[in-house]
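Subject: Structure handover

Hello,

Here is the structure you will be taking over. My notes on it follow below.

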Amino acid sequence: MMMMMKKKEGSLLRIIIAVTLTLLFCLLTADSEVRCIESERHALLNFKQHLEDPSNRLASWTAAAASDVDCCDWIGVVCDNRTGHVLQLHLTTFYPLYDELTTDGAQYEAQLQTYERSVFGGKINPSLLDLKHLIYLDLSYNDFGGTHIPKFLGSMGSLRYLNLSQAGFGGLIPHQLGNLSNLQYLDLGFNYYDLHAKNLQWLSGLPLLHNLDLSYANLSQASNWLQEINKLPSLSELRLSDCALSGFIPPPIPSSINFSSLTTLDLSHNNFENTSILFWVVGLHNLVSLDLSDNWFLGPIPVHLQNLTSLRHLDLYWNKFNSSIPNWLYSFSHLEFLNLGYNNLQGRISSAIGNLTSAISIDLSSNELEGKVPRSLGSLCKLREIRLSYHNRGQEISEIFERGQEISEIFESLSSCVSNGLEILEMDGAQLSGHLTDELGKFKNLVILFLGYNSISGPIPLSIGNLSSLRSLYLESNQINGTLPQSFGLLSKLESLNIGLNMLEGVVLEVHFANLMRLETLVASQNRLTLEVSDNWTPPFQLNTLVLGSWNLGSKFPSWLYSQKQLLSLDISNAGIIDAVPPWFWNLSSQFRYLNISHNQIYGKIPQIPLILSYDAIIDASSNNFTGPLPCISSNVSFLDLSNNLLSGSISHFLCYKMNESKFMEFLNLGKNLLSGKISNCWMKWQSLFVLKLENNNFTGKIPASIGSLINLQSLHLYNNKFFGKLLSLLKNCTDLFTIDIGKNEFDGSIPKWIGHRLSSLKILSLHSNNFYGQIPDELCALTSLQILDLSHNKLFGSIPKCVNNFSTMARNHNSNYPIFFPVSQIEVSYYRPFESELLVIKGKSLEYSTTLQLVNIIDLSNNNLSGEIPKEVASLQGLQSLNLSFNILTGRIPENIGDMRSLESIDFSINQLSGKIPQSMSSLTFLSQLNLSNNKLIGRIPSSTQLQSLNASSFFGNKLCGPPLTDNCTIHFVKPNIENKWGKDFGGQMVDWFFVSMALGFVVGFWVVVGPLLWNKQWRILYFQFLDHLGYKLGGVVTQTW
């Protein structure tokens, strides 16, 4: 019986196996015969027909007979193996990812160009609706040119995955997407064509959604965004970066959060200010990644974040948190990436930072932290990235770490276990000092090392050659000295090197560059290095940036530059070159974005440069010996400096070149040349100009009316030419001007009243040595930003306005420490920033100010016909450093409160008619080093002070003054002689002393013959002194031109 049962069981088992194998065979056979559905194939072909495919990526999508083509084999198409229905469309375009640690720059550029040639465009055909079973649609990283997201996508009910990110869609997000009830993944992020939503109510129809990305979509009108997202209970990833979200959440505010399963939250790049908006984040205990960077959060880091102990990624970068780093943060043992950079965090970094044992990347850069870097940082053996740099964001400079912390101490503390894995170390601007030691060579995996803008001194150690992985090395702006070690030549992966602004010296040879085949950027300016290479040297690299300013490159123009075919930025300024520029170099110029060959002795003519590929190109060939006419320059050049050369001839062909094209020029400096002739009326196409400098040439004639079309002009320099006419009236529309320097010309007319209101940004107004006449208008006092006012050597009359106390910048004791940069928006080369400059006469000396111009406050009204009293209001200008009112006909007393002007260094009131005593308060002017009160009607004793008594006695001549530094010590003044006239007694007091009579007669005759007419006739007196003044001025000009 048992045997029978076993036989039956065996037979049954064999039957089951046979049936199973038969079914499996049938299934396999069926699979081999399944092909795509014909209707779906036609749908795909119709979809392709409206798609732009510049690289023909969809070549496999053909309309051949169905028997020959299976659409399931087409690129990007995935079908169901059983039914043949199209399930997925993968039509994304590969966008190259850039990793600063591993990506090759040249390779990345090539990949980027390939990407740009491969993106799909065109329109999305509704034929997709025929793909009834489509569950996956990816059109990301394409460019549909701002077309709207098709509404019909909301009818594709089977979709579970929809990715339209960075695909060039725009307009209103269709609410029909809320009909996709099966959708689990929705990515509409980073569409840069004003994609927006008025509300997010449509999200309530997506209950299965677990990934949502609306980054860069404008949600400013969707004020109830939190309430609507709270209806998505399955949500695990939420990305709302750069959505214009603010802190306002209208009621009803949710009392609890339904999407507590959230693991990733990105609210970066929004407008949140108050951390109370984050109340709902407290309950997200499963949160692994939190990004709140680039918002406006104020105050301390929110304490309720301490409950998010599962965090691995915390990014609070670029906010305004101003507390210390909270102690609870150091207990996040799972934290791998911590970014607190660019805040206002204060206090010290606790040694408890050593508790972040999982940390891979720590960024505390650009805060106001103090103290030393704790040694416990060196115990974080998983660390790959340390960023502790300090970059000033416009506020006053403060210290990030304790001044003078030794760089060797940093390397020593990190060398125990961090050195083996550390890839990025950024500590530029961290107040480091001391020497680089051979300890540096232990960090063999370093890829990026930034130590610039510190006080590191000593030589670069030879062990630098051990950093075989190094790709970027920035040591700029330190005090590093000695020679450049030849071991630099071993850094075969080096791509970017900046050692500029140091004290390196000695000779650089070919061996220094022997293996630098990947080098693309070399910045080494402002050192004392000499390059010695053979005439036929061909560098192993192809640079795109080369900055060797202030090197000694030899007297010949460097011929090895011929090999650098990819050069975009070149600076060989002040390099000792005494040669003509070879023709092949000018042929390369079309590719330059930045070219600086200034401050050499390069000679010859500059050829025409009609083609510059970069629309914001910078060319500086100033301070050389170039001759000949001005070259015609491409309209794409934004910055051109040909000043201080020997260029001659007219400017007309230059200005009027290609008048059918708009000029992108923002900065034009042709000053200090031999240019001549009239200025053509061709300024209409130069409306991008911010800066125009034509000073110190031989231009003549009137300025054409078209200069008034330069509505963006901010700095105008026409000093020392032979222009005439009424210029100021042409500048009425140039309302952004902050510098007008038109001194030493022959302009005339009155100073218009509208200047004070229309040119309210003026800092510098220099009209000296022209023929301006009339009164100084009171409206000029509206120029509250004015720092330099020079109206000297004109024909102005009337009184000095009493409203001068409105010059509020002059009233401040301290101006900005930042130089006045020329306002050229296109200049992006960080190592090249041109300064505003001005030739000023202070303390009797003519000096050119540039980097310190922002610190100068002066008023010069000398050599006019101004009358009346010096207004007492002038004493409120406590930041004024020089005040010159000489050679006028001012009367009255020197203001008694002149001692309030504590910053005054120079005063010149000479050759006026001032009377009374020198105010005692003048003795408190402790900075005063130049004073001239000569030739007035001042009387009495000179006030006693160290400053006044140390001045030259000639400063007080021509008055009735006494006391040091004059030899008259005031002791014999007003003493009545005690001598009786005995003859007067005998003759009733009528006896005459003829000696005194004859002396008096002689004085009277001499006075009336020589001096009397000048005193009697006021007009003669004025003309006489003006004649002497102008005669002296002309003689001075002749002497200057002779020399």
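How many bridges join strand β2 to strand β3, and do the two run parallel or antiparallel? Three bridges join them, and the strands run antiparallel, with β2 covering residues 77-79 and β3 covering residues 86-90. Please keep in mind throughout that this is a predicted model.

**Strands**

Within the β2 and β3 pair, V77 is the residue that stands opposite L89 of β3. The two strands form a hairpin with six residues between them, and in this hairpin G84 takes a positive phi near 85°.

Strand β3 also pairs with strand β5, residues 136-138. Here the strands run parallel, and three bridges join them. In this pairing, H90 stands opposite D138 in β5. As general background, strands of a sheet pair through backbone hydrogen bonds, either parallel or antiparallel. The two pairings of β3 show one case of each, antiparallel with β2 and parallel with β5.

Further along the chain there is an open sheet of six strands, in the order β20-β22-β24-β26-β28-β30, with parallel pairing. The edges are taken by β20 (405-406) and β30 (528-531); each has a single partner strand, so one side of each is left without a neighbour in the sheet. One of the pairings in this sheet is that of β22, residues 432-435, with β24, residues 455-458, which is parallel and has three bridges. S433 stands opposite S455 of β24.

**Disulfides**

The disulfides come to six. If you number the bonded cysteines of the protein chain in sequence order, they pair as 1-2, 3-4, 5-6, 7-8, 9-10 and 11-12. For reference, a disulfide is a covalent bond between the sulfur atoms of two cysteines. I describe some of the links here.

One of them joins C36 to C71, with an S to S distance of 2.2 Å. C36 sits in the loop between α1 (2-33) and α2 (38-49), and C71 sits in the loop between β1 (51-52) and β2, so this disulfide ties together parts that are 35 residues apart in sequence. C36 and C71 are both buried.

Another joins C656 to C682, at 1.9 Å from S to S. The loop between α7 (652-655) and β39 (667-669) holds C656, while the loop between β40 (674-677) and β41 (691-693) holds C682, so the pair ties together parts that are 26 residues apart in sequence. The link of C656 and C682 is right-handed, with 85° about the S-S bond. Are its two cysteines buried or exposed? C656 is partly exposed because its relative accessible area is 26%, whereas C682 has a relative accessible area of 10% and is therefore buried.

A further disulfide joins C781 to C803, with 2.0 Å from S to S. It links distant parts of the chain, 22 residues apart: C781 is in the loop between β48 (771-774) and β49 (788-790), and C803 is in the loop between β50 (795-798) and α9 (808-811). This link of C781 and C803 is also right-handed, with 70° about the S-S bond. C781 counts as buried because its relative accessibility is 3%. C803 has a relative accessible area of 17% and is therefore buried, since the cut-off for buried is under 20%.

**Other cysteines**

Two more cysteines should be noted for their burial. C243 has a relative accessible area of 0% and is buried. C734, at 0% relative accessibility, counts as buried.

**A surface patch**

Which residues form a nonpolar patch on the surface? They are F190, Y192, Y193 and Y216, and together they have about 390 Å² of accessible area. Y216 is in the loop between β10 (211-213) and α4 (225-229). Y216 counts as partly exposed because its relative accessibility is 34%.

**A buried asparagine**

N863 is in the loop between β53 (858-860) and β54 (865-869). With a relative accessible area of 8%, N863 is buried. The side chains of N863 and S862 are joined by a polar contact of 3.5 Å.

Regards

Conventions: Residues are numbered from 1 along each chain as its sequence is written. This is a predicted model: local features need pLDDT of at least 70, side-chain atom pairs count only at pLDDT 80 or more; totals for chains, interfaces and linings use all residues. Side-chain values use heavy atoms; hydrogens and water are left out. Patches are made of residues with over 30% relative accessible area and no salt bridge: like charges are joined within 9 Å, nonpolar side chains (Val, Leu, Ile, Met, Phe, Trp, Tyr) within 5 Å. Accessible areas come from the Shrake-Rupley method with a 1.4 Å probe; for residues, only the protein chains shown count as cover. A salt bridge is a side-chain nitrogen of Lys or Arg within 4 Å of a carboxyl oxygen of Asp or Glu. Helices (H or I, at least four residues) and strands (E, at least two) are DSSP runs, numbered from the N terminus. Buried means under 20% relative accessible area, exposed over 50%, partly exposed in between (1.4 Å probe, protein chains only). Two strands pair if DSSP finds at least two bridges between them. A disulfide is a pair of cysteine sulfur atoms within 2.5 Å. A polar contact is a pair of N or O atoms within 3.5 Å; within protein, one must be able to donate a hydrogen and the other to accept it, and residues adjacent in sequence count only if both atoms are side-chain atoms.
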